[in-house]
Amino acid sequence: MNAPTATSHLIPEIRQRNVPAALVDALKSRFGAQCSTALAVREQHGRDESSFEAPPPAAVVFAESTQDVADAVKLASQYEVPVIPFGVGSSLEGHLLAVQGGISLDLGRMNKVLSVNPEDLTVTVQPGVTRKQVNEEIKSTGLFFPIDPGADATIGGMSATRASGTNAVRYGTMRDNVLNLEVVTASGEVIRTGTRAKKSSAGYDLTRLFIGSEGTLGVITEITLRLYPLPEAISAAICSFPSIEAAVRTTIQIIQLGVPIARVELIDVNGVRMVNAHSKLGLREEPMLLMEFHGSPAGVKEQAEIVQEIAADHGGNAFEWATTPEERTRLWTARHNAYFAAIQSRPGCRAISTDTCVPISRLADCLLDSVREADASGIPYFLVGHVGDGNFHFGYLLDPTKPQEREVAEQLNVQLVSRALSLGGTCTGEHGVGLHKMDFLVTEAGAGAVELMRTIKRALDPKNIMNPGKIFSL
Ligand SMILES: Cc1cc2nc3c(=O)[nH]c(=O)nc-3n(C[C@H](O)[C@H](O)[C@H](O)COP(=O)(O)OP(=O)(O)OC[C@H]3O[C@@H](n4cnc5c(N)ncnc54)[C@H](O)[C@@H]3O)c2cc1C
């Protein structure tokens with residue numbers, strides 16, 4: 001886990017609201033052992049994978065049903081106390097910090113797959129089910145759920161952050177793969193936002209409103225997801241390049257030619273070295289694309305041939321294929337563990353991750369200048385990217401005893417975000433705003449759009465109890 005660092009000027013002021021003892025008593029009386037005020041439990045729920053820190057919540061409620069969630073939220077509403085929904089705590093932007101105090105509502109025990117409908121290619125799950133658990137439980141149906149953030153996050157947390165991952169280039173993000181939600185609103189009412197039908201024109205799209213709302217509008221208690229048939233053929237390959245630019249230009253051409261590649265991930269040479277050391281791999285220490293092709297055997301062969309030609313035109317080395325499922329799993333596990341490999345490479349370091357995403361035609365412009373700036377800074381870093389989507393992450397590895405490193409890394413991030421915005425991109429492709437990107441959101445969306453978001457928040461949560469102080473100040 002990433003280590004916390006002192007709260008700095010980079011995150012908003014901590015403004016604790018009073019949590020009356022009467023509320024804690026009422027929670028204990030309603031929830032018994034499902035409510036904890038133990039310091040270790042509160043501390044574990046008062047932080048995420050970001051390096052920010054705030055005092056922990058006053059209590060943690062472990063919900064086991066929608067009724068539990070509704071009752072906890074009603075009590076919090078009665079006392080006007082913040083409620084912070086908690087999945088597994090893998091978010092990266094300070095989403096879970098109790099900056100206005102309050103209670104944490106842990107959804108991890110709501111971890112049942114409720115129904116699988118193979119004929120409709122859907123599954124309905126409770127919010128605490130993790131992405132790996134979904135795939136394990138539906139294995140026998142021949143279907144799979146593709147969204148895969150590096151951490152084994154909960155479906156509730158992934159919905160709340162509008163997450164994506166390595167497969168999004170082909171299968172989309174949580175925005176594209178959630179059909180229906182059950183939500184407990186800020187007043188404790190239980191609503192549904194859709195149906196199991198593939199499409200609908202029935203009123204405002206409340207599903208999309210809650211997807212990406214970061215726990216600020218309500219608590220998601222049930223999710224219906226789209227599933228996909230497991231591809232008949234899957235091939236994964238790695239290809240090394242003489243430069244980052246060559247790898248990026250290859251990616252741009254693959255996407256612009258409409259090759260339906262399932263995954264195309266960039267790892268820079270720093271990242272490759274860290275992954276080699278951590279996962280005991282012998283990858284060639286050069287910038288690398290890690291790719292996967294899905295389809296019929298003939299389709300996969302055709303895609304691979306086109307991509308090999310494009311890569312060769314840019315000086316890419318011959319593909320190294322991972323043909324068995326075990327080899328593929330080893331490669332993708334190593335990719336998913338890149339963040340932890342990086343943290344381990346500088347013992348005691350703290351990591352901050354960037355998350356810009358730009359239109360594919362601007363990827364080289366955005367990424368290459370930012371690499372030059374990162375190299376010139378002298379701060380140890382790695383670069384990984386879901387580059388087929390135009391999304392990439394610098395991970396700066398900071399020595400906590402050298403605060404100037406943090407200043408430099410934050411300045412690099414400011415420059416990167418400004419560049420991405422000027423190229424028609426966004427400050428966050430998938431991690432969300434949390435605390436860390438609130439200023440960037442105003443620059444990106446404009447004050448008017450952020451004020452409209454506040455208006456929606458006030459209408460749905462007039463007492464401002466749902467994860468307050470996140471996305472925008474209120
Ligand atoms: C190593 C690593 C790799 C990562 N890679 C990716 C990646 O590739 N793509 C990506 O998108 N993200 C990635 N992430 C970020 C993180 O995994 C995602 O943001 C994930 O969606 C968070 O899920 P969680 O269950 O951990 O939620 P938490 O961190 O517990 O919560 C996240 C937010 O969602 C809210 N929330 C949680 N559950 C609910 C609920 N049921 N109802 C309402 N609100 C809720 C919380 O209040 C909080 O605001 C990565 C993180 C790590 C550590």
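**A walk through one predicted chain**

Let me start with a single residue, Arg 162, which sits in the loop that connects α5 (155-161) to α6 (168-171). Before I go on, please keep in mind that what we are looking at is a predicted model. Arg 162 has a positive phi of about 55°, even though it is not a glycine, and with a relative accessible area of 39% it counts as partly exposed.

Staying in that loop between α5 and α6, we also meet Asn 167. Is Asn 167 buried or exposed? With a relative accessible area of 5%, Asn 167 is buried, and if we leave aside residues up to four places away in sequence, it touches Pro 146, Asp 148, Gly 172, Ala 262, Arg 263 and His 294. So that you can follow the reasoning, buried here means under 20% relative accessible area, and exposed means over 50%.

Let me now step back to the whole chain. Its secondary structure comes to 17 helices and 18 strands. The radius of gyration is 22 Å, close to the 23 Å that the globule rule gives for 474 residues, and therefore the chain is as compact as a globular protein of that length. Taken along the principal axes, the C-alpha atoms fill a box of roughly 70 × 55 × 45 Å. Of the 474 residues, 58% are buried, and the accessible surface comes to about 18700 Å², with 53% of that area belonging to carbon and sulfur atoms. If you take the contacts between residues at least 6 apart in sequence, 73% of them join residues at least 24 apart. As for charge, there are 43 positive and 53 negative charges, and their mean positions are 3 Å apart.

With that overview in place, let us look at some strands. In β12, which covers residues 233-240, seven of the eight residues are buried, so this strand is largely enclosed by the rest of the structure. Which strands are joined to β12 by bridges? One of them is β14 (residues 288-295), joined to β12 by eight bridges and running antiparallel to it, and within that pairing Ser 235 stands opposite Phe 293. Another is β15 (residues 320-322), which is also antiparallel to β12 and is joined to it by three bridges, with Ile 238 having Glu 320 as its bridge partner.

The loop that leads from α10 (269-279) to β14 holds Lys 280. Like the arginine I began with, Lys 280 has a positive phi although it is not a glycine, here of about 50°. At 64% relative accessibility, Lys 280 counts as exposed.

You might set beside it another lysine, Lys 437, which is found in the loop between α15 (403-422) and α16 (438-445). At 1% relative accessibility, Lys 437 counts as buried. What does Lys 437 touch, not counting residues up to four places away in sequence? The residues in contact with Lys 437 are Glu 93, Ser 353, Asp 355, Cys 427, Thr 428 and Gly 432.

One of those contacts, Ser 353, brings us to strand β16, residues 350-353. In a regular strand, the side chains alternate between the two faces of the sheet. In β16, Arg 350 and Ile 352 point one way while Ala 351 and Ser 353 point the other way, and all of these residues are buried. Four bridges join β16 to β18 (residues 391-398), and the two run antiparallel, with Arg 350 standing opposite Leu 398. Ala 351 also lets us place a residue of helix α13 (residues 338-345), namely Phe 340, because the C-alpha atoms of these two residues, eleven apart along the chain, are separated by 9.7 Å. Phe 340 is partly exposed, with a relative accessible area of 33%.

Finally, let me turn to a sheet made by strands from earlier in the chain. Four strands form an open sheet in the order β1-β2-β4-β3, and the pairing is mixed. Why do β1 (35-36) and β3 (83-86) each have one side without a neighbour in the sheet? They stand at the edges and each has a single partner strand, so one side of each is left without a neighbour. Within this sheet, β2 (residues 59-62) and β4 (residues 103-106) run parallel and are joined by four bridges, and there Val 61 stands opposite Leu 105.

Conventions:
Residues numbered from 1 in each chain as written. Predicted model: local features only at pLDDT ≥ 70, side-chain atom pairs only at ≥ 80, totals over all residues. Heavy atoms only, no water. Rg over C-alpha atoms; globule rule 2.2 N^0.38 Å. Buried < 20%, exposed > 50% of the residue type's maximum accessible area, 1.4 Å probe, protein only. Contact = heavy atoms within 4.5 Å. Areas by Shrake-Rupley, 256 points an atom, 1.4 Å probe, with all protein chains shown as cover. Lys, Arg positive; Asp, Glu negative; His and termini not counted. Charge placed at Lys NZ, Arg CZ, Asp CG, Glu CD. Pairing = 2+ DSSP bridges.
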